[in-house]
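This report describes a single protein for a reader who is new to structural analysis. Please keep the sequence and the structure in view while reading.

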Amino acid sequence: MNEEVPLSIIVFAFDEEENIGPVLGELRAWLEQHEPGAEIVFVDDGSRDRTADAARRALVGMPHAVLRHDTNHGIGAALKTGVAAARGEFVTFLPADGQIAPDAVETLREAQARSDADVVLSVYDHRDDGLDRKVFSFGVRALIAAVHGVWLKSDGPYLFRRRLFDPEQLRPDTFFLNFEFPIRALSAGLRIDTVVIACRPRRAGHSKSTQWHRIVGVARDLVDLRVRRFRGL
C-alpha cells in the first residue's frame with residue numbers, strides 16, 4: 001500500500017453523517033471515470049455521529065484510507081493527518097459538505113499540467129455568502145499583504161506537490177493552515193497558478209464555521225507566522 005499514486009484527494013469531515021455517503025459516492029464515480037488511479041484519504045475530525053462508518057461503507061472496493069481523530073482539532077489538523085497518509089505525487093482536498101463538485105479536481109489538474117505549477121490555488125466564480133464574508137475575505141487578504149508582503153487570493157481547495165507540504169513546519173491545526181501553506185509557497189517563489197471553480201450550496205446541515213470572531217485569531221496567527229519565518233521555522 002506504500003506505492004505512490006498520481007493523486008490523493010483528502011476529504012475531511014466533522015459531524016457530516018448525513019452528507020458523507022452521497023458526497024463520497026459522487027466523488028468516487030467521478031474518479032473512476034476521470035482519475036482511475038487516484039485514492040481518497042478520508043479524515044474524520046472527531047465527529048460525534050457515525051460519519052466515519054458512513055465513509056467506510058462508501059469507499060469499499062477502491063483505494064482509500066479512513067482515519068479518525070478522537071476529538072475535533074480543526075481543518076489544519078485534518079489536512080496534516082491526510083497528507084501524512086497520502087501516497088499521491090499530487091494532493092488536493094475537498095470538504096464533506098458537497099459544496100465543491102468533483103470536477104473542480106479536473107480544473108486543478110488541467111491547470112497544473114499546462115503550467116507545471118507546484119501549487120494551483122482556486123477562487124470561486126460566485127458564492128452567495130453575503131456582504132459580511134466578502135468584507136472578511138478582503139480584510140484577511142489585506143492583513144496578509146501587510147504582514148507578509150504577498151497578495152493571496154485563494155478561496156477553495158488547492159492542488160500541490162506532496163513533497164512540498166511539511167507537517168512539521170506547518171504548525172496550525174486550525175483553518176489558518178489554509179492561509180499559511182499558500183503564503184509560504186508564494187514567499188518561496190514557487191510556481192503558482194490560480195483557477196476559478198464553482199461553489200454549490202451545502203447538500204444538508206449547516207456550516208460549522210463562523211467568520212467575524214476569526215479576524216482577531218487570523219491577525220494573531222499571521223504575526224506568529226511572521227515571527228516563525230524570521231527565525232527560519
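## A salt bridge between Arg50 and Glu17

In this predicted model, Arg50 and Glu17 are joined through their side chains by a salt bridge, with 3.1 Å from N to O. A salt bridge is defined here as a side-chain nitrogen of Lys or Arg within 4 Å of a carboxyl oxygen of Asp or Glu. Arg50 belongs to the loop between β2 (39-45) and α2 (51-59), and Glu17 to helix α1 (residues 17-34), so the pair ties together parts that are 33 residues apart in sequence. Arg50 is exposed, at a relative accessible area of 55%, whereas Glu17 is partly exposed, at 26%. Buried means under 20% relative accessible area, exposed means over 50%, and partly exposed lies in between (1.4 Å probe, protein chains only).

## Basis of the report

The model is predicted, so local features need a pLDDT of at least 70 and side-chain atom pairs count only at pLDDT 80 or more, while totals for chains, interfaces and linings use all residues. Residues are numbered from 1 along each chain as its sequence is written, and side-chain values use heavy atoms, with hydrogens and water left out.

## Overall architecture

The protein contains 7 helices and 7 strands. Helices (H or I, at least four residues) and strands (E, at least two) are DSSP runs, numbered from the N terminus. Read from the N terminus, the order of the elements is β-α-β-α-β-α-β-α-β-α-β-α-β-α.

Of the 233 residues in the protein, 49% are buried. The exposed surface of the protein comes to about 11200 Å², of which carbon and sulfur atoms supply 52%; accessible areas come from the Shrake-Rupley method with a 1.4 Å probe, and for residues only the protein chains shown count as cover. Among contacts with a separation of 6 or more, 83% are between residues 24 or more positions apart. Contact means heavy atoms within 4.5 Å.

## Arg161, Asp116 and Gln112

Arg161 and Asp116 form a salt bridge in which the closest N and O atoms are 2.9 Å apart. This pair links distant parts of the chain, 45 residues apart: Arg161 is in strand β6, and Asp116 is in the loop between α4 and β5 (119-124). Arg161 is buried, with a relative accessible area of 9%, while Asp116 is partly exposed, with 36%.

Arg161 is also a contact of Gln112, a residue that further touches Phe90, Ala117, Val120 and Leu159, when neighbours within four places in sequence are left aside. Gln112 is situated in helix α4 (residues 103-115) and, at 10% relative accessibility, counts as buried.

## Helix α6 and its link to helix α7

Which residues of α6 are buried? They are Leu177, Phe179, Glu180, Phe181, Pro182, Ile183, Arg184 and Ala185. Helix α6 (residues 177-187) is thus mostly covered, with 8 of its 11 residues buried. Gly189, which follows α6, has a positive phi near 75°.

One of the buried residues in α6, Glu180, meets Arg228 in a salt bridge of 2.8 Å, N to O. Arg228 lies in helix α7 (residues 214-230) and Glu180 in helix α6, so this bridge ties together parts that are 48 residues apart in sequence. Both partners count as buried, Arg228 at 4% relative accessibility and Glu180 at 0%. Elsewhere, Asp116, Asp118, Arg161 and Arg191 are joined into one network by salt bridges that share partners. The count of salt bridges in total is 17.

## Aromatic pairs

A pair of aromatic rings is described by the distance of the centres and the angle of the planes. Rings of Phe, Tyr and Trp (its six-membered ring) pair if their centres lie within 6.5 Å; planes under 30 degrees apart count as stacked, over 60 as edge-to-face and the rest as tilted. By this rule there are 9 aromatic pairs. Phe93 and Tyr158 make up an edge-to-face pair, at 4.9 Å centre to centre with 85° between the planes. Phe93 lies in strand β4 (residues 88-95) and Tyr158 in the loop between α5 (130-148) and β6 (159-161), so the pair ties together parts that are 65 residues apart in sequence. Both Phe93 and Tyr158 are buried.

Phe160 and Phe165 form a stacked pair, with 5.3 Å centre to centre and 25° between the planes. Phe160 is buried at a relative accessible area of 0%, and Phe165 is buried at 5%. Ring pairs connect Phe12, Phe93, Tyr158, Phe160, Phe165 and Phe181 into a cluster.
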